[in-house]
Amino acid sequence: MTTTDSTQLPPLPATPERVRIGVVSISDRASSGVYADQGLPALKEWLAGALHNPIDFEERLIPDEKDGISAALIGLVDAGCSLVLTTGGTGPAPRDVTPEATLAVSDREMPGFGEQMRQISLAFVPTAILSRQVAVIRGHSLIINLPGQPKAIAETLQGLKAADGTQQVSGIFAAVPYCIDLIGGPYLETRDEICKGFRPKTAIRRRG
């Protein structure tokens with residue numbers, strides 16, 4: 001059996017690679033102008049703080065329509081987004097169809113992301129068990145449904161920390177960079193103080 005040594009991996013460029021990330025806020029009322037959308041700003045702020053990589057964001061603000069959500073996800077993947085994050089539409093209400101729309105465009109499901117998000121949220125609210133977030137792979141892209149509230153978005157992405165700052169429960173984003181490595185995407189470099197991405201030693205690339 002052949003093992004891979006990290007020294008066999010290509011060196012990182014002098015500066016972090018520029019990445020394209022899709023962010024999608026799904027809400028009937030926000031998309032129609034009833035109130036200001038908070039999902040897109042929350043996603044962009046968190047990602048910009050968590051990654052060293054410069055980011056080109058592809059934004060979508062759309063209503064809770066299954067076919068429209070699926071079309072938006074396909075379009076973002078086709079546009080070269082290696083990571084697509086959605087917020088909203090994951091509860092049990094009749095108009096909450098984001099998980100169904102996401103699964104409809106999936107090549108493979110990644111159930112661990114949804115399981116961990118619910119586990120984190122249960123530390124705050126018992127209604128976390130009503131959340132139906134899913135994560136899938138389409139082509140070389142990872143698509144993840146996140147909760148609808150900005151506070152919950154940050155909690156599920158970066159996890160739970162004790163008062164002294166030590167990590168108690170890992171957020172889901174810790175696993176995102178290595179997942180994207182495995183499906184052929186760019187090398188994401190996280191800021192450890194926000195969310196430390198985990199890679200096996202054999203997958204860690206060094207600067208040349």
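**Charges in this predicted model, taken as a whole.** For this view, Lys and Arg count as positive and Asp and Glu as negative, with His and the chain ends left out. The model is a predicted one. Counted that way, the protein carries 20 positive and 23 negative charges, and the mean positions of these two groups sit 4 Å apart.

**The whole fold, helices and strands together.** Here you're looking at 7 helices and 8 strands. The radius of gyration comes out at 17 Å, close to the 17 Å that the globule rule gives for 208 residues, so the protein is as compact as a globular protein of that length. If you'd like a feel for its extent, the C-alpha trace spans about 50 × 40 × 35 Å along its principal axes.

**Inside and outside.** Of the 208 residues, 43% count as buried. The accessible surface adds up to about 10400 Å², and carbon and sulfur atoms own 54% of that. As for who touches whom, take the contacts with a separation of 6 or more: 71% of them link residues 24 or more positions apart.

**The open sheet.** Strands of a sheet pair through backbone hydrogen bonds, either parallel or antiparallel. In this one, 6 strands line up in the order 2-1-3-6-5-4, with mixed pairing. Strand 2 (55-62) and strand 4 (108-109) are the edge strands, each pairing on one side only.

**Zooming in on strands 1 and 3.** Strand 1 (residues 19-26) and strand 3 (residues 83-87) run parallel and are joined by 5 bridges. Look for V24, whose bridge partner in strand 3 is T86.

Terms used
Residues numbered from 1 in each chain as written. Predicted model: local features only at pLDDT ≥ 70, side-chain atom pairs only at ≥ 80, totals over all residues. Heavy atoms only, no water. Helix = DSSP H or I, 4+ residues; strand = E, 2+ residues; numbered from the N terminus. Rg over C-alpha atoms; globule rule 2.2 N^0.38 Å. Buried < 20%, exposed > 50% of the residue type's maximum accessible area, 1.4 Å probe, protein only. Contact = heavy atoms within 4.5 Å. Areas by Shrake-Rupley, 256 points an atom, 1.4 Å probe, with all protein chains shown as cover. Charge placed at Lys NZ, Arg CZ, Asp CG, Glu CD. Pairing = 2+ DSSP bridges.
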